[in-house]
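Visitor: Could you take me through one part of this model closely, setting a metal site against its surroundings? I would like a careful, connected account.

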Amino acid sequence: MSAAPLLLVEGLVKNFRGLRAVDGVTFSVNAGEVVALIGPNGAGKTTVFNMIAGVFQPDGGRVELEGASLVGLRPDQVCRAGVGRTFQLVKPFGNISVEENVLIGALRWTHDVAQARRRAREVLDLLGLADKRRQMARSLTLPDRKCLEVARALATGPKLLLLDEVMAGLRPAETDRMVETFRKLNRESGLTIVLIEHVMRAVMALSQRVVVINSGKPVCEGVPEEVVRDPRVLDCYLGQEKL
Amino acid sequence: MSRQAILLGLLLAAFALAPLVAGPYLLSVLVVVMYFAYVGQAWNIMMGFAGQLSLGHTLYVGLGAYTAAALFVHLGVPAALGLFAAAAAAVAVGGVIGALGFRFGVKGVYFALLTIAFAEFTRILFEHIPGLGGPAGLFLPVGDRGGIDLIHLRGHPLMFYYLILAMTVGIFLLCRRLVRSRLGYTWLAVREDQEAAAALGINVFRAKLTAVMLSAGLTALGGVFFAFYYNNLFPNQAFSMNRSIEIILAPIVGGLGTLFGPILGALILTPLGELITMATEAMGFKAAGIKQLCYGLSLLAIVKFLPDGVWPWLRTRLGLEPDAGGEGES
Amino acid sequence: MTIDLANQIVTGLLTGLVYSLMALGLSVIFGVVRVVNFAHGEMTALAMYAAWMLFTWLELDPLVGLPLIALLLFALGYVMQRGLIDAFVAKPEHMQFILLVAVAIIMVNFSLLVFGPDAHGIQVPYGFDTYEVGPLLVDKVRLLAASAALAISGLLMLFFRRTMTGKAIRACADNLVGARVIGLNVKQLYAVTFGIGSACVGAAGALLSLLIDVMPSSGPELTMLAFIIVIVGGLGSMGGALLGGMLIGVSEVLAGYFLMPSMKGMFSFAILILILVLRPQGLMGARK
Ligand SMILES: Nc1ncnc2c1ncn2[C@@H]1O[C@H](COP(=O)(O)OP(=O)(O)OP(=O)(O)O)[C@@H](O)[C@H]1O
Ligand SMILES: [Mg+2]
């Protein structure tokens with residue numbers, strides 16, 4: 001085993017006024033792994049992502065990338081450290097073309113616009129958005145916008161990709177295709193992925209490990225097949241139709 | 001693209017050859033057209049590209065104009081040197097306003113009001129600086145109007161005509177390069193969504209600050225031209241809210257964030273103003289206010305019926321390609 | 001010396017209260033419709049001209065003509081919102097700005113055309129009466145105008161707290177989607193709000209006509225003044241508008257007293273800059 005995991009999250013805490021949205025979440029992700037972060041609505045998953053990505057400052061706990069702390073960095077600095085992220089509520093650059101959206105992502109690592117454009121086209125090819133590259137982003141459908149979120153984050157060339165419910169709202173066939181894309185990325189370029197996902201079909205197919213949180217607290221962690229049978233997990237989803 | 005180049009070439013040729021046929025009056029109108037196309041383009045960098053609304057942009061015109069003029073009047077510094085000081089002053093002030101506004105999270109309407117506040121503050125401040133002439137104004141000695149002295153910016157009106165033409169072409173080419181550059185894309189991202197931009201590794205604060213400073217510096221060069229062309233400066237004109245409004249009208253009427261917008265807007269608005277003056281005079285109205293009244297009504301009609309600006313509307317009718325990032329097809 | 005200063009401060013406070021009423025209109029409109037009325041001062045100037053006409057032609061005291069002027073401005077505001085601004089409510093800020101600037105240009109030049117460039121003032125018979133309050137001398141007109149402004153502000157507050165329409169308008173401001181869901185006619189309420197904000201302007205204009213002269217260029221100046229007051233007090237806060245008005249009223253006289261009258265505006269803009277940077281929600285505004 002190498003010295004430090006790629007991502008280490010330890011004892012993470014976040015308060016929103018009275019509410020403790022995240023309370024002691026701990027997990028680590030090794031390079032090359034695909035880990036799912038699941039939990040019922042309002043469990044604090046997105047908040048965990050936002051703390052990793054530098055959008056929120058944690059009220060306690062550690063976040064480290066390859067042993068170096070990410071706490072206190074701005075979102076753009078976290079990105080440049082090698083973390084790409086998507087937004088659950090998609091944020092396309094609506095009035096520019098799809099290709100330009102992705103190109104801007106690629107400009108994270110290159111100053112050459114032509115090179116960034118080439119990379120953007122590759123990524124769009126990979127995600128099946130190539131034929132829509134000249135459209136304005138605001139004219140895309142929601143599934144395509146989700147896809148664009150991924151493309152943009154991917155274009156930044158991250159070591160670690162944080163995906164926040166990118167498969168919600170996709171049709172099963174589309175989900176399968178996206179799962180296949182991530183598998184390929186993970187296998188071929190060793191991309192490490194943490195995904196928040198309610199679509200269990202994707203979680204089961206993609207992740208090697210699952211971390212479950214509920215009401216901001218860690219519930220359990222393990223391989224997908226075990227986790228879905230864990231009574232504690234079933235408990236926290238009780239009354240929800242998700243599993 | 002090629003049709004666009006043709007259009008551009010025709011426009012340029014028309015302006016370059018205009019002095020052969022046009023009289024002094026028409027040339028002076030064309031100078032005003034190009035001046036507003038120039039400052040409009042400079043303002044467009046900040047608003048059209050980076051999405052930061054400045055409603056007090058005449059501040060930079062005034063600062064540039066006063067800096068170069070005062071250096072010339074008091075120390076005999078030629079305009080060719082003074083323009084560096086002028087740009088530097090505007091860049092510095094723009095930097096301060098931007099840094100204050102963006103660091104403290106002054107957004108949207110509030111940022112726009114901050115820019116107005118600084119412009120108005122400076123207007124009243126300049127009225128109380130005796131060395132700059134106070135409210136009575138600062139006057140530049142009118143030199144030989146026959147020669148061509150680009151160093152001191154003294155000379156024939158045609159020299160000024162071609163100078164502002166060169167400046168307008170220059171800033172057009174600069175902006176064209178910018179929108180296709182890394183910096184330009186960074187601005188577009190910030191304009192569209194700051195959070196998403198940051199998530200892609202863009203330092204939003206720095207991007208906005210660069211836009212403000214560059215826009216301020218370029219605007220100040222317009223101010224230098226203004227000072228040496230008109231040879232007089234008054235705080236309540238140079239820094240007036242009305243000037244700020246005039247500056248932003250051309251790019252908005254023409255089409256925000258487009259390269260042709262500021263030019264087209266200026267080509268519409270300045271002659272419109274002149275035509276209204278002529279028409280009202282021809283019809284025998286001498287009353288003050290009628291011209292501005294018609295101008296206001298025309299403006300109202302334009303924003304009401306072509307809210308995206310005239311250029312995007314015209315462009316589709318001419319079958320032209322979008323000219324800048326942010327104009328993809330829908 | 002100190003008595004003189006104290007007199008000046010009282011003058012500033014009382015004038016400030018009338019400014020407040022005008023600014024209140026701006027605050028109400030922005031708080032609900034979310035459009036910054038860049039023609040606010042110009043509308044105030046129109047109201048002042050209306051007061052001047054009523055006084056000159058019908059010898060109607062502005063205090064008596066006030067309800068009529070308020071009603072006229074209500075109609076103007078209502079029609080403006082319905083016919084013009086409503087289509088721009090969801091448009092970006094710079095479009096709203098240009099629209100209202102166009103309206104402002106039209107209003108300024110309309111007044112220039114009709115009334116000429118000269119200043120018009122009203123001299124009521126009791127214009128020079130003063131009350132002696134201890135050692136202080138208080139102008140009667142100023143006191144009357146300020147009291148009226150205060151009373152109208154109070155009425156407005158009651159309107160928003162007590163009446164159904166007032167509550168419905170507040171609902172629109174708090175939660176637009178919710179307001180639509182429960183079936184409120186948002187378009188109509190916006191127009192009413194713009195009307196009410198304009199009625200404030202009408203009332204304030206009538207009162208201001210007792211205190212200062214009006215000319216076409218008063219419009220843009222009053223617009224600036226209204227902005228400064230609401231930002232300093234807190235956009236959308238009614239108490240803030242009152243506080244802001246008094247503060248700016250006093251700061252103006254102090255700047256005039258200690259420095260030069262022509263520098264008073266600089267003082268106000270400096271305060272505006274400080275507030276925008278350090279406390280953008282204004283003195284009385286709620287922190288987001
Ligand atoms: N910016 C914020 N301010 C206040 N409360 C917040 C904020 N962001 C999230 N919360 C609250 O924190 C809790 C966790 O929210 P979070 O978005 O992290 O949940 P989630 O697990 O991502 O849920 P979902 O599956 O619905 O996306 C929720 O109760 C939410 O209301
Ligand atoms: Mg979430």
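Guide: In this predicted model, a good place to begin is Gln88(A), which has a relative accessibility of 32% and therefore counts as partly exposed, since that class lies between the 20% limit for buried and the 50% limit for exposed. Thr46(A), at 24% relative accessibility, counts as partly exposed as well. These two residues are the protein donors of the magnesium ion (ligand 2), Thr46(A) through OG1 and Gln88(A) through OE1, and they lie 1.9 to 2.1 Å from the ion. The pair links distant parts of the chain, 42 residues apart: Thr46(A) sits in helix H1 of chain A, whereas Gln88(A) belongs to the loop between E6 and helix H3 (98–106) of chain A.

Both elements lead on to the sheet. Helix H1 (residues 45–52) of chain A lies across strands E3 (34–38), E6, E7 (160–164), E8 (192–196) and E9 of chain A, and it runs at about 150° to E7(A). The sheet itself is open and has 6 strands in the order E6-E7-E8-E3-E9-E10 (chain A), with mixed pairing. Its edge strands, each pairing on one side only, are E6 (83–85) and E10 (217–222) of chain A, and neighbouring strands are turned by 15° against each other on average, direction ignored. At the E10 edge, strand E9 (residues 209–214) of chain A pairs with E10(A) in the antiparallel sense over 5 bridges, and Ile213(A) has Pro218(A) as its bridge partner in E10(A).

Terms used:
Residues numbered from 1 in each chain as written. Chains lettered and ligands numbered in written order. Predicted model: local features only at pLDDT ≥ 70, side-chain atom pairs only at ≥ 80, totals over all residues. Heavy atoms only, no water. Pairing = 2+ DSSP bridges. Helix = DSSP H or I, 4+ residues; strand = E, 2+ residues; numbered from the N terminus. Axes fitted to C-alpha atoms, helices over the stretch in contact; angles between N-to-C directions. Contact = heavy atoms within 4.5 Å. Donors = N, O, S within 2.8 Å, 3.2 Å for Na, K, Ca; no water. Buried < 20%, exposed > 50% of the residue type's maximum accessible area, 1.4 Å probe, protein only.
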